[in-house]
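Open the model in your viewer and keep the selection panel at hand. The tour visits a ligand site and then a sheet.

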Amino acid sequence: MNRLARRMARAIEMDGPLSIASFTTMALHDCEDGFYASRESIGARGAFITAPEISQIFGELLGLWCVQSWRDQGSPTPARLVELGPGRGTLMKDALRAAHIAPDFLAGLEVVLMEASPALEAAQREQLRDAPATTRWVSQWDQIAGDWPLFLLANEFLDALPIRQFVMTERGWCERMVIVDATGDLAFALAPAPTPLDVRAERGTAEPGAVYEISPASQGLVEEASRAIAAYGGAALFIDYGHEGCGYGDTLQAVSRHKQAGILDTPGESDLSAHVDFAALGSVASNAGARAYGAIGQGEFLRALGIDTRGTNLAERNPGSADGIAAAIDRLTSKREMGALFKAFAILPGGAPPPPGF
Ligand code: SAH
């Protein structure tokens, strides 16, 4: 047991079982031992590598996506460009560099980065030292201010938000909790009493043993973003690995040094994430008065935005890197790699033209 696991065990002994959501929040965000307390969490040397760390083209295309969506809505000024969970700051750096083709977009722009980890915020501040627009950092959604058109990017952010899991039993849906077992180790157990759950009928009838996941944090955030976009304009783009329209299934996973790890084994030393239920988020967005697009495969999305042409141009200017660029594009787009599992999902005002790529 590591130090964080021992602290969790003491908390459980004093206050009772932890929900998976509380366990995840401690494992990821504990300020001493949480996974994101270290800036080396993401990247080639970290636990996992993300699309913006694979190729600069990813962030560039997302920056151009924002510029085009902004133009489609009449180039409103001022406007806000927000990134949720910016990691090492690479995506925003690449997006702003690409946005130089639209000085009018940059001129009236406030950039806001929402980051919970002080270590990663420091890395982002270094990357964005010379950002071409006013830039500020916040740690929570309500510090962003929702009175301007909102252009929002979030890559592999929703999967890091805590989920709750419920298992179908003969008593109904019982929440999966983290307890301390007889040997003193952290273990999973079901809450004795069922939770009344509003599982939508289109999801079919659950067999005993079926697992159902919800992410109240993701739903709350998408609701707030959708309301702001419906009221003031803008566009949100979420890219993440996700479900094809079903909240059933146990998708919680731990990854340490690019390999699967036990969820309860070494909390804080591995990344914890869960697949995003885009169908549920689409309903949240429409109920909040906005329009949802997707989710579509990341490969299809990046191809529609012109990743191949951009790759060819980049390779012509850097012939020595041509093979590396081609390999990175393959990794981002092919179905064997990230092209199908990762999906793009967008939210726009009801009457706005459809966003690029959808
Ligand atoms: N978007 C980046 C990083 C993905 S990892 C990339 O693609 O490389 C998830 C990021 O979200 C990290 O920066 C993490 O610190 C941040 N994060 C996770 N939960 C958060 C929360 N509740 N509030 C703010 N940031 C959070």
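How many nonpolar, polar and charged residues does the shell around the ligand have? By class there are 10 nonpolar, 6 polar and 3 charged residues, where Ala, Val, Leu, Ile, Met, Phe, Trp, Tyr, Cys and Pro count as nonpolar, Asp, Glu, Lys and Arg as charged, and the others, Gly among them, as polar.

Before selecting anything, note that this is a predicted model, in which local features need pLDDT of at least 70, side-chain atom pairs count only at pLDDT 80 or more, and totals for chains, interfaces and linings use all residues. Residues are numbered from 1 along each chain as its sequence is written, and side-chain values use heavy atoms, with hydrogens and water left out.

Select the ligand and the 19 residues around it (a heavy atom within 4 Å). T50, G85, G87, E115 and N155 come nearest.

Now show the polar contacts (pairs of N or O atoms within 3.5 Å). A backbone N or O atom of G85 is 2.7 Å from a ligand nitrogen. At G87, a polar backbone atom lies 3.1 Å from a ligand oxygen. A polar backbone atom of A116 is 3.2 Å from a nitrogen of the ligand. The protein buries 93% of the 570 Å² that the ligand exposes when taken alone (Shrake-Rupley, 1.4 Å probe).

Next, select the open sheet of 3 strands, ordered β12-β11-β13 with antiparallel pairing (strands are DSSP E runs of at least two residues, numbered from the N terminus; a pair needs at least two DSSP bridges). β12 (259–261) and β13 (271–273) are the edges, each with a single partner strand, so one side of each has no neighbour in the sheet. Finally, show β11 (residues 253–256), joined to antiparallel β13 by 3 bridges; V255 has D271 in β13 as its bridge partner.

Conventions:
Helices (H or I, at least four residues) and strands (E, at least two) are DSSP runs, numbered from the N terminus. A polar contact is a pair of N or O atoms within 3.5 Å; within protein, one must be able to donate a hydrogen and the other to accept it, and residues adjacent in sequence count only if both atoms are side-chain atoms.
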